[in-house]
Amino acid sequence: MRPRSSGIPLWGRIAGGIAAVLAVLLVIVMFFPWDMLREPLNRYVSEKTGRKFEITRRLDVTPGWRGATIAFDGVEFANPSWAREPYLVKAQRAEFEIRLWPLLGGKVVIPRLMLVSPTMGLQLEQDGRRTWALGKDTGDADTVPTIGLLQVDGGGVDFLAEHLGVDLHADFTFDTARGEMPLDFRVKGRYQRQTLTAQGSTGNVLQLTSAGQPPFPMEIKAVAGKTQLSAKGTVAALADLDGIDAQFQLKGQTLGDLYPLLGIALPQTSPYALSGDLRKRAKLWEVQGLKGKLGLSDIGGDMRFDQAPKTPHLSGSLRSRVMDMDDLGPLIGLPPTERAAKAVEGVEPPPSITQVKRAQKDPGRKVLPTAKLDFERLRAMNAEVQYTAEKIRNVRDVPLDRGSVHVKLVDGVLTLDPLDLGLASGKLAGAIRIDATQNPADIRASLDIRAMQLNRLIPKVETLKTSFGKLDGRINLSGRGNSVASWLGGSSGDVAAITGRGEFSNLLLEFMGLDGGEIIKFLLRGDRNVTLRCAAVAFDVSKGVMVGRSLVFDTTDTVFNASGQASLSDETMHFVVRQQPKDMSILSLRTPLVIGGTFASPSVGIEAGQLAGRGLAAVALGVINPLLALVATIETGPGVDADCKGVLADAKQPTAGAAAAGAAKAKTARQ
């Protein structure tokens with residue numbers, strides 16, 4: 001007789017058996033006394049890492065489908081012997097989730113880590129060793145755990161990276177009454193070798209790496225050296241500061257101070273205060289709606305800084321509705337003026353201001369900027385930035401109206417092309433090229449002068465009812481140097497300015513000619529205009545010495561011819577101006593004018609020999625008859641018209657030799 005079938009197929013019985021086994025295993029796991037494994041786990045981790053690991057009170061494990069949640073009631077994990085702090089982490093309690101499948105491959109993935117009152121010691125060495133690597137070889141990046149979310153309930157963290165100039169300590173306090181940002185932090189120490197203090201608040205969970213969670217809120221106020229930062233927004237990943245969306249305010253003495261802090265090689269500026277919207281995705285930083293002040297000037301625009309390329313790249317567009325002349329000085333190596341330094345509230349003026357005021361009283365001081373080029377910064381990044389100043393104020397003796405420049409920095413070669421400055425109702429336009437791949441740098445400047453109004457170039461000349469013509473010219477200089485002063489001191493090339501017909505006050509002309517009779521006549525009869533036939537000022541520049549090639553000023557009344565030279569290396573000059581009047585005049589003491597001294601303290605005088613001769617003759621004749629004394633001061637007017645075509649032709653081309661070669665080389669600065 002056959003046995004009766006149960007009616008359950010074989011595969012059903014097998015599945016039921018497996019389910020029963022899993023249920024038994026689950027019961028065992030759920031009620032397993034995990035704390036029995038605490039000592040074996042302590043020994044295992046200590047042996048694998050080469051440093052003491054101890055769960056001091058209790059171990060609990062809660063298994064899950066993807067991994068397990070492990071809790072340590074009291075934990076101490078020592079740092080390597082080379083570290084400054086004794087513990088990597090020491091906490092009253094630690095709880096974390098761990099993924100099992102990556103663990104089988106030797107990779108520690110912790111989606112969430114919670115620490116209660118921890119003391120942490122993080123240290124990074126230049127050779128790649130780090131205290132948070134979990135293998136015996138702390139330089140092996142494969143043994144560094146991946147941590148997603150970090151919860152900290154109080155405690156403190158030390159971070160040391162001496163080769164980066166970083167030594168920071170942070171204290172945390174947790175208070176649920178603070179709403180969405182219950183975690184408060186305070187940081188002090190040094191960052192990039194500058195004193196740093198910071199404080200702020202954040203959410204109860206810090207997202208160290210992108211873990212598929214929404215960004216967490218954060219606000220911070222920090223001071224690093226002379227730079228002040230405040231920001232409020234959200235961060236997606238704290239480990240590499242990814243996914244930032246924040247509003248910020250930034251203040252400091254000069255934008256140049258941001259280079260050691262952020263790696264952005266910006267120029268030296270007046271004190272600044274900026275604000276805008278900051279966004280970061282992966283390696284790309286973006287600032288939109290930038291606005292604020294640089295000294296006495298306003299500034300606005302948008303900027304991008306991409307750290308992904310081998311050489312980081314800065315790009316953007318900036319503009320100023322009004323730029324103050326005092327804020328141009330720091331760009332070429334001059335310190336900010338006192339009024340510019342005090343323009344930004346809450347920023348301490350640089351200590352150099354007092355030193356500069358003292359130096360200005362020294363007649364032996366240098367005028368040309370001596371600040372050295374920073375080769376490291378010029379090679380640290382590439383850049384392409386457009387800047388426009390719609391109006392320039394406080395121009396004093398340099399009548400700038402507006403300006404724009406396209407800045408490009410590629411592999412250590414800086415070009416300002418095109419450079420366009422509105423000057424004296426005309427413009428100065430061209431290009432400047434600085435090749436910082438060489439030391440000293442190869443510097444070339446090629447600039448054209450177009451339609452400048454002469455009456456605006458001469459200070460206060462408007463009071464003499466002048467109506468000068470328009471000035472054209474050029475500057476073509478090339479040479480090598482590491483500052484404006486050293487470059488000009490050894491440069492060669494051509495500097496020239498020419499003008500055609502125009503009119504100006506005869507009072508100005510007679511003052512220049514020391515003509516007492518004409519001055520008295522004009523004071524009695526009033527001023528009148530004199531026609532300017534032509535004028536040219538042209539120099540051959542050879543290794544820093546400017547030699548006058550054509551220095552002529554010709555009017556219907558007088559011809560002025562000058563000769564001499566100026567040294568750009570020691571900033572001295574000596575010129576003699578000879579007047580040749582074209583009419584007869586009485587009471588004239590015309591004698592050559594001598595312009596000398598230094599750029600900082602020029603002197604203007606007359607050749608004493610010729611003037612003394614006339615004076616002695618006047619005295620001798622005055623003994624015989626006082627009226628005869630006037631004979632010695634009568635100018636018979638030997639002057640003749642200058643050859644204007646020849647004058648202008650001489651000014652157009654430099655002579656051969658170093659001047660011509662330097663001018664030709666300078667023209668290559670233009671793209």
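These legends go with a set of close-up views of a predicted model.

**View 1. Asp-298, a buried charge without a salt bridge.**
Start with Asp-298, which sits in strand β18, covering residues 297–306. This residue is buried, and it has no salt bridge. Which side chain of opposite charge is nearest to Asp-298? That would be Arg-321, at 4.3 Å. A salt bridge needs the nitrogen and the carboxyl oxygen to be within 4 Å, so Arg-321, at 4.3 Å, doesn't make the cut. Asp-298 does have a polar partner, though: a polar atom of its side chain lies 2.8 Å from the backbone nitrogen of Val-322. Leaving out residues up to four places away in sequence, Asp-298 touches Gly-292, Lys-293, Arg-319, Ser-320, Arg-321 and Val-322.

**View 2. Phe-72 in the largest nonpolar core.**
How many residues make up the largest nonpolar core? The count is 108, and Phe-72, Leu-115 and Leu-314 are the ones with the most contacts inside it. Strand β26 (residues 441–453) supplies the largest share of this core, with 6 residues. Zoom in on Phe-72 and you'll find a crowd of partners from beyond four places in sequence, including Leu-41, Phe-53, Ile-55, Leu-59 and Phe-96. Arg-58, Gln-92, Arg-93 and Ala-94 are also in contact with Phe-72.

**View 3. Glu-76 and Lys-90, a salt bridge between two strands.**
Side chains of opposite charge can pair when their charged atoms come close. The structure holds 31 salt bridges, and here is one of them: Glu-76 with Lys-90, at 4.0 Å from N to O. Glu-76 belongs to strand β2 (residues 67–78) and Lys-90 to strand β3 (residues 87–91), so this pair ties together parts that are 14 residues apart in sequence. Lys-90 counts as partly exposed because its relative accessibility is 35%.

**View 4. Asp-494 and Arg-549, a buried salt bridge.**
Here the side chains of Asp-494 and Arg-549 meet, with 3.2 Å between N and O. The two residues come from distant parts of the chain, 55 residues apart: Asp-494 is in strand β28 (residues 492–499), and Arg-549 is in strand β31 (residues 545–555). Are these two residues buried or exposed? Both Asp-494 and Arg-549 are buried.

**View 5. Asp-127 and Arg-129, plus a salt-bridge network elsewhere.**
Asp-127 pairs with Arg-129 in a salt bridge, and their closest N and O atoms are 2.9 Å apart. Asp-127 counts as exposed because its relative accessibility is 53%. Arg-129, at 26%, counts as partly exposed. Now for a group of five names: Asp-245, Arg-279, Arg-281, Glu-286 and Arg-304 are linked in a network of salt bridges.

**View 6. Lys-188 on strand β10, and Gln-192 in the loop that follows.**
Lys-188 is part of strand β10 (residues 183–191), and it is exposed, with a relative accessible area of 55%. Although 20 residues separate Lys-188 from Leu-168 in sequence, their C-alpha atoms are 5.8 Å apart in space. Besides Leu-168, Lys-188 touches Asp-167, His-169, Leu-196 and Thr-197, again not counting residues up to four places away. Gln-192 lies in the loop between β10 and β11 (194–202). Its phi is positive, about 50°, although Gln-192 is not a glycine. Gln-192 is partly exposed, at 23% relative accessible area.

**View 7. The buried side of helix α14.**
Which residues of helix α14 (residues 658–666) are buried? They are Ala-659, Gly-662, Ala-663 and Ala-666. These four cover an arc of only 100° around the axis, so they end up on the same side of α14.

**View 8. Backbone oddities: two cis bonds and a positive phi.**
Most residues other than glycine have a negative phi, and most peptide bonds are trans. Two peptide bonds to look for here are cis: Asp-417 to Pro-418, with omega near 0°, and Asn-439 to Pro-440, with omega near 5°. Pro-418 lies in strand β24 (residues 413–423), whereas Pro-440 is in the loop between β25 (426–435) and β26. Ser-117 is not a glycine, yet it has a positive phi, near 50°. You'll find Ser-117 in the loop between β5 (109–116) and β6 (119–123), where it is partly exposed at 32% relative accessible area.

Key. Residues numbered from 1 in each chain as written. Predicted model: local features only at pLDDT ≥ 70, side-chain atom pairs only at ≥ 80, totals over all residues. Heavy atoms only, no water. Buried < 20%, exposed > 50% of the residue type's maximum accessible area, 1.4 Å probe, protein only. Lys, Arg positive; Asp, Glu negative; His and termini not counted. Polar contact = N/O pair within 3.5 Å; in protein donor to acceptor, adjacent residues only side chain to side chain. Contact = heavy atoms within 4.5 Å. Core = buried A, V, L, I, M, F, W, Y, C linked by side-chain atoms within 4.5 Å. Arc of directions from axis to C-beta.
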